[in-house]
Amino acid sequence: MSGRIREIAPEELPQLDALYGVGHDTALRARLEREMRSGKRKMYVWQENNEPLGGMSLQKMGKGEMRLSFLVVREDKQGRGIGGTLVDEACRLSRAAGCTALTLEVRLGNLRAMRLYLKKGFREEKKGLLDRAQMRLLL
Ligand SMILES: CC(C)(COP(=O)(O)OP(=O)(O)OC[C@H]1O[C@@H](n2cnc3c(N)ncnc32)[C@H](O)[C@@H]1OP(=O)(O)O)[C@@H](O)C(=O)NCCC(=O)NCCS
């Protein structure tokens, strides 16, 4: 697997709607753009030959916590280790930013994602809203 991770600029978001699953939710896209411009949120793509195949978002939450969200790998490229590499990168970037924990929320029925997070050492800390679990990895 040869590729690299790159932080994206807010202007790139419209071309990446499909990848991040933002779809036609223009209100969500506007919020993401606003948060990126204010420095509250950083978004990244995993790219191979300039083609974005995966992505994620990181938000610094305070108390040494970094929040991982929008983790995604293009469907036809799943199962090749890209998701795992993105989580590893999220850990590295969080440590570099001085954080001591990486947290996320996942749907309990999302077994693929759940397996990945457990393998990386995340532990369920509490039930989230409805069918979601909050998970935490100490860095
Ligand atoms: C979750 C996701 C990001 C994983 O990305 P990926 O590139 O497929 O992950 P990897 O190839 O690094 O695989 C890591 C682990 O995921 C799990 N996994 C990957 N493909 C799987 C499959 N086909 N079936 C079951 N588990 C699978 C395994 O635990 C795997 O570990 P292994 O290598 O020991 O088998 C990807 O499936 C995805 O984009 N899903 C849709 C969006 C989503 O649910 N995001 C998470 C929101 S919380």
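Welcome! A good place to start is the hairpin of β3 and β4, where two residues lie between the strands and K63 takes a positive phi near 50°. Keep in mind that this is a predicted model. From the hairpin, this briefing moves to the strand pairing, then to helix α3, the ligand and one residue of helix α2.

**The strands**
- β3 (51-62) and β4 (65-73) run antiparallel, and seven bridges join them.
- One pair to look for is S57 with S69, its bridge partner in β4.
- β4 also pairs with β5 (101-107), but here the two strands run parallel, with three bridges between them.
- In that pairing, R67 has T103 of β5 as its bridge partner.

**Helix α3**
- How far apart are the end C-alpha atoms of α3? They are 21 Å apart, which agrees with the 21 Å that its 15 residues should span at 1.5 Å a residue.
- The buried residues of this helix are I82, G83, L86, V87, A90 and S94.
- Seen down the axis of α3, those buried residues fall within an arc of 140°, so they line one face of the helix.
- The face turned away from the buried side of α3 carries R92 and A96, which are exposed.
- Which elements help to cover the buried residues of α3? The cover includes the strands β2 (41-48), β3, β4 and β5, along with helix α4.
- Just after α3 comes G98, with a positive phi of about 85°.

**Around the ligand**
- The ligand has 17 residues around it, and the ones that come nearest are Q78, G83, G84, R115 and L116.
- Two or more residues of this shell come from each of β4, α3 (82-96) and α4 (111-119).
- Among the elements, α4 gives the most to the shell, with five residues.
- By class, the shell is made up of seven nonpolar, six polar and four charged residues.
- G83 is worth a second look, since this residue is among those that come nearest to the ligand and is also one of the buried residues of α3.

**M36 in helix α2**
- M36 sits in helix α2, which covers residues 26-37.
- Why does M36 count as buried? It has 20 C-beta neighbours inside 10 Å, and a residue is buried if 20 or more lie within that distance.
- Apart from its neighbours within four places in sequence, M36 is in contact with P10, R41, K42 and M43.
- M36 and S57 are 21 residues apart along the chain, and their C-alpha atoms are separated by 9.8 Å.

Definitions and conventions
Residues are numbered from 1 along each chain as its sequence is written. This is a predicted model: local features need pLDDT of at least 70, side-chain atom pairs count only at pLDDT 80 or more; totals for chains, interfaces and linings use all residues. A residue is near a molecule or strand if its C-beta atom, placed from the backbone, lies within 6 Å of it. Helices (H or I, at least four residues) and strands (E, at least two) are DSSP runs, numbered from the N terminus. Ala, Val, Leu, Ile, Met, Phe, Trp, Tyr, Cys and Pro count as nonpolar, Asp, Glu, Lys and Arg as charged, and the others, Gly among them, as polar. A residue is buried if 20 or more other C-beta atoms lie within 10 Å of its own, exposed if 12 or fewer, and partly exposed in between; C-beta atoms are placed from the backbone. Two residues are in contact if their C-beta atoms, placed from the backbone, lie within 7 Å. The expected span of a helix is 1.5 Å times one less than its number of residues. The arc is that of the directions from the helix axis to the C-beta atoms. Two strands pair if DSSP finds at least two bridges between them.
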